[in-house]
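Let's take a walk through this structure together, one piece at a time. Keep the picture open beside you and find each residue as we reach it.

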Amino acid sequence: QKHPIFNASVDETTHEIVFKEYYHLGVAVDTDAGLMVPVIRDVNKKNVLELSRELDVLAEKARGRKISLDELKGGTFTISNQGGIGGGHFTPIVNTPEIAILGIGRGVLTPVVKNKKIEIRLMLPLALSYDHRAVDGANAVRFLLDIIQALEQFKESNVKL
């Protein structure tokens, strides 16, 4: 919501940017029939547990080829996680008519320098692909920095039952 350009699309006919007033998240799912992108609707109105449960149901429906066409339409932003199957950094392709997609790779423990000291940290590869007709590099960096900050500040208590 803080970055509305990432919840928009480009109207190919009018060449205008259309800002969405809803937040429907596409999540890439690996299936025997190839990649499918089920859509979780109104993600801004759900908590982490609700999102997790809905994603689980949609992913199982996709893998079982029981997902409806409506459940594959209407996304405003997509996340693709190749880390779950061992992939590292990659370049995701924007799922048109969306403006952007976030690619997530497998987290790896890595030595990093922080406050002039070496420490081991879990580093998560993130890759943001976006339509340059709507988004410039500075906006993309600000968006990614906010995602990184949210991940770093995420509290485990948010997911405990």
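E71 is buried in this predicted model, with a relative accessible area of 19%. That value sits under the 20% cut-off for a buried residue. So what does the side chain of E71 meet in a salt bridge? The partner is K61, with 2.6 Å from N to O. E71 is in the loop between α1 (48-63) and β7, while K61 belongs to helix α1, and the two are 10 residues apart. K61 itself is partly exposed, at a relative accessible area of 27%.

The idea behind such pairs is simple enough: side chains of opposite charge can pair when their charged atoms come close. How many salt bridges does the count come to here? The answer is eight. Let's look at a few more of them.

D146 pairs with K2, and the closest N and O atoms of this salt bridge are 3.1 Å apart. D146 lies in helix α2 and K2 in the segment before β1, so this pair ties together parts that are 144 residues apart in sequence. Are these two buried or exposed? K2 is exposed, with a relative accessible area of 64%, and D146 is partly exposed, at 22%.

Then there's R121, which forms a salt bridge with E119; here the closest N and O atoms are 4.0 Å apart. R121 is partly exposed, with a relative accessible area of 26%, and E119 is partly exposed too, at 31%. Elsewhere, E12, D131 and R133 are joined into one network by salt bridges that share partners.

Now for the strands. A handy place to start is β8, residues 100-104. How many of its five residues are buried? Five of the five are, so β8 is mostly covered. Looking at the directions its residues take, A100, L102 and I104 point one way from the strand, whereas I101 and G103 point the other way, and all are buried.

Which strands does β8 pair with? One of them is β7 (residues 77-81), and β7 and β8 run in the parallel sense over four bridges. If you'd like to trace this pairing residue by residue, I79 stands opposite L102 in β8, and the bridge partner of N81 is I104. Another partner of β8 is strand β11, residues 126-130, and that pairing is antiparallel, over five bridges. There, I101 has S129 in β11 as its bridge partner.

Going back to β7, this strand also pairs with strand β3 (residues 25-27), in the parallel sense and over three bridges. Here V27 stands opposite I79 in β7. We've met I79 already, as the residue opposite L102 in β8.

Next, the aromatic rings. How many aromatic pairs does the count come to? It comes to two. In one pair, the rings of F6 and F143 have their centres 4.0 Å apart and their planes at 15°, so the pair is stacked. F6 lies in the segment before β1 (8-11) and F143 in helix α2 (residues 137-153), so the pair ties together parts that are 137 residues apart in sequence. F6 is buried, with a relative accessible area of 3%, and F143 is buried as well, at 12%. Add F77, and you have one aromatic cluster made of F6, F77 and F143.

From there, hop over to A8, in strand β1. Buried or exposed? A8 is buried, with a relative accessible area of 2%. Which residues does A8 touch, leaving aside its neighbours within four places in sequence? They come in several stretches: I17, V18, F19 and K20, then T76, and then P97, E98 and I99. For another way to place A8, look across to K73, 65 residues apart along the chain: the C-alpha atoms of A8 and K73 are separated by 15 Å.

Let's finish on the surface. V48, F154 and V159 make a nonpolar surface patch of about 240 Å². Within this patch, F154 lies in the segment after α2, and F154 is partly exposed, with a relative accessible area of 43%.

How values were computed:
Residues are numbered from 1 along each chain as its sequence is written. This is a predicted model: local features need pLDDT of at least 70, side-chain atom pairs count only at pLDDT 80 or more; totals for chains, interfaces and linings use all residues. Side-chain values use heavy atoms; hydrogens and water are left out. Two strands pair if DSSP finds at least two bridges between them. Rings of Phe, Tyr and Trp (its six-membered ring) pair if their centres lie within 6.5 Å; planes under 30 degrees apart count as stacked, over 60 as edge-to-face and the rest as tilted. Buried means under 20% relative accessible area, exposed over 50%, partly exposed in between (1.4 Å probe, protein chains only). Contact means heavy atoms within 4.5 Å. Patches are made of residues with over 30% relative accessible area and no salt bridge: like charges are joined within 9 Å, nonpolar side chains (Val, Leu, Ile, Met, Phe, Trp, Tyr) within 5 Å. Accessible areas come from the Shrake-Rupley method with a 1.4 Å probe; for residues, only the protein chains shown count as cover.
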